[in-house]
Amino acid sequence: MQVKIFEDHPELSATVAREIQELVQAKPNTILCMASGETPRLTCQLLVQMIRSGKTDISQLHFIGLDEWVGIEPGNSGSCHYFFQHELITPLGLREDQVHLFDGMSTDLQAECKKMDETIDRLGGIDLIVAGIGMNGHIGFNEPGISPDLYSHVAQLDETTLTVGQKYFDSPTRLQEGITLGLKHLLNARKAILIANGKKKAEVIRSAVRETVSNHLPATIMQTHSNGFIMVDKEAASLL
Ligand code: GLP
């Protein structure tokens, strides 16, 4: 794993967006997985601009959403679905068959997990995963204590995630579970980039980079990825 430090969030976002665009140019049938959230929003917006202005062929691209809140409607602006729809799917004009998102409203969440795992297998595996990091060190909804051997699964969300997660919603929202790709997907991805910005992420980034690999802080697993990168701005790197 390598750590890359950027001047600020815009520089970090532009670099990641460019990397995604270059990958899609080199491999038009790229399987791209991304997290939603505050951190990757600018990356998505810059990627849309780059793809449009570069006239990049995205007709064979497949997009996979990293995670979703269970029980939250796709039309709720706090859902991951809403984020992907508004930041990537609609602006890029991705077809339905190119997009693979968890349905957090499904009455059979195990079937949703199975469908996602099978889709990833059928497509030949994830080329690039761009993940964020939660304040408790989670990746997706791989919460502290999670097994690194899991593929897609339903997670009980821990207190930090439930509290911090309220920031995505317009009004107080009852959250309990998440549905997410597993750490095994992260490790199997041909390339994994974890991004973080801002002072508030400095402590958890220090732990992810410096502490012994342990499922108590799921993001430490990045240290074991042979093609893994932690890309952060100066503020998030300030305790390294
Ligand atoms: C959320 C999501 C993650 C996301 C992380 C950080 O709860 N489950 O996929 O990467 O927390 O989010 P943010 O970028 O908003 O800080």
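**View 1. Helix 3 supplies the largest share of the lining of the largest pocket, 5 residues.** The model shown is predicted. The lining of this pocket comprises 33 residues. Those nearest the pocket centre are Ser36, Gly37, Glu38, Lys167 and Tyr168. Besides helix 3 (80–92), the elements giving two or more residues to this lining are helix 2, strand 4 (67–69) and helix 5 (159–164).

**View 2. The largest pocket holds about 530 Å³ of space.** By residue class, its lining consists of 15 polar, 12 nonpolar and 6 charged residues. The ligand sits in this pocket.

**View 3. The ligand is surrounded by 16 residues.** The closest of them are Glu38, Thr39, Asp67, Tyr168 and Lys201. Of the secondary structure elements, helix 2, which spans residues 38–53, gives the most to this shell, with 3 residues. The shell divides into 6 nonpolar, 6 polar and 4 charged residues. Glu38 and Tyr168, listed here among the closest to the ligand, are also among the lining residues nearest the centre of the largest pocket.

**View 4. Side chains of Thr39, Lys167 and Lys201 approach oxygen atoms of the ligand.** In threonine 39, an N or O atom of the side chain is 2.4 Å from a ligand oxygen. For lysine 201, the distance from a polar side-chain atom to an oxygen atom of the ligand is 2.7 Å. For lysine 167, an N or O atom of the side chain and an oxygen atom of the ligand are 3.0 Å apart. On its own the ligand has 390 Å² of accessible area, and the protein covers 95% of that area. Lysine 167 also appears in View 1, as one of the lining residues nearest the centre of the largest pocket.

**View 5. The second largest pocket has a volume of about 250 Å³.** Its lining is made up of 14 residues. Glu96, Val99, His100, Leu101 and Lys115 lie nearest the centre of this pocket. The lining contains 6 nonpolar, 4 polar and 4 charged residues.

**View 6. Helix 4 gives the most to the lining of the second largest pocket, with 4 residues.** This helix covers residues 109–123. Helix 3 and strand 5 (99–100) each supply at least two residues of the lining as well. Helix 3 thus contributes to the lining of the second largest pocket and to that of the largest pocket.

Terms used:
Residues are numbered from 1 along each chain as its sequence is written. This is a predicted model: local features need pLDDT of at least 70, side-chain atom pairs count only at pLDDT 80 or more; totals for chains, interfaces and linings use all residues. Side-chain values use heavy atoms; hydrogens and water are left out. A residue is near a molecule or strand if one of its heavy atoms lies within 4 Å of it. A polar contact is a pair of N or O atoms within 3.5 Å; within protein, one must be able to donate a hydrogen and the other to accept it, and residues adjacent in sequence count only if both atoms are side-chain atoms. Accessible areas come from the Shrake-Rupley method with a 1.4 Å probe; for residues, only the protein chains shown count as cover. On a 1 Å grid over the protein atoms alone, a cavity is a set of points where a 1.4 Å probe fits but cannot get out, and a pocket is an open set with protein on both sides within 12 Å along at least five of seven lines; lining residues have an atom within 4 Å of a point. A molecule sits in a cavity or pocket if more than half of its atoms lie within 2 Å of its grid points. Ala, Val, Leu, Ile, Met, Phe, Trp, Tyr, Cys and Pro count as nonpolar, Asp, Glu, Lys and Arg as charged, and the others, Gly among them, as polar. Grid points are joined across faces, edges and corners, and a volume is the space filled by probe spheres set on the points.
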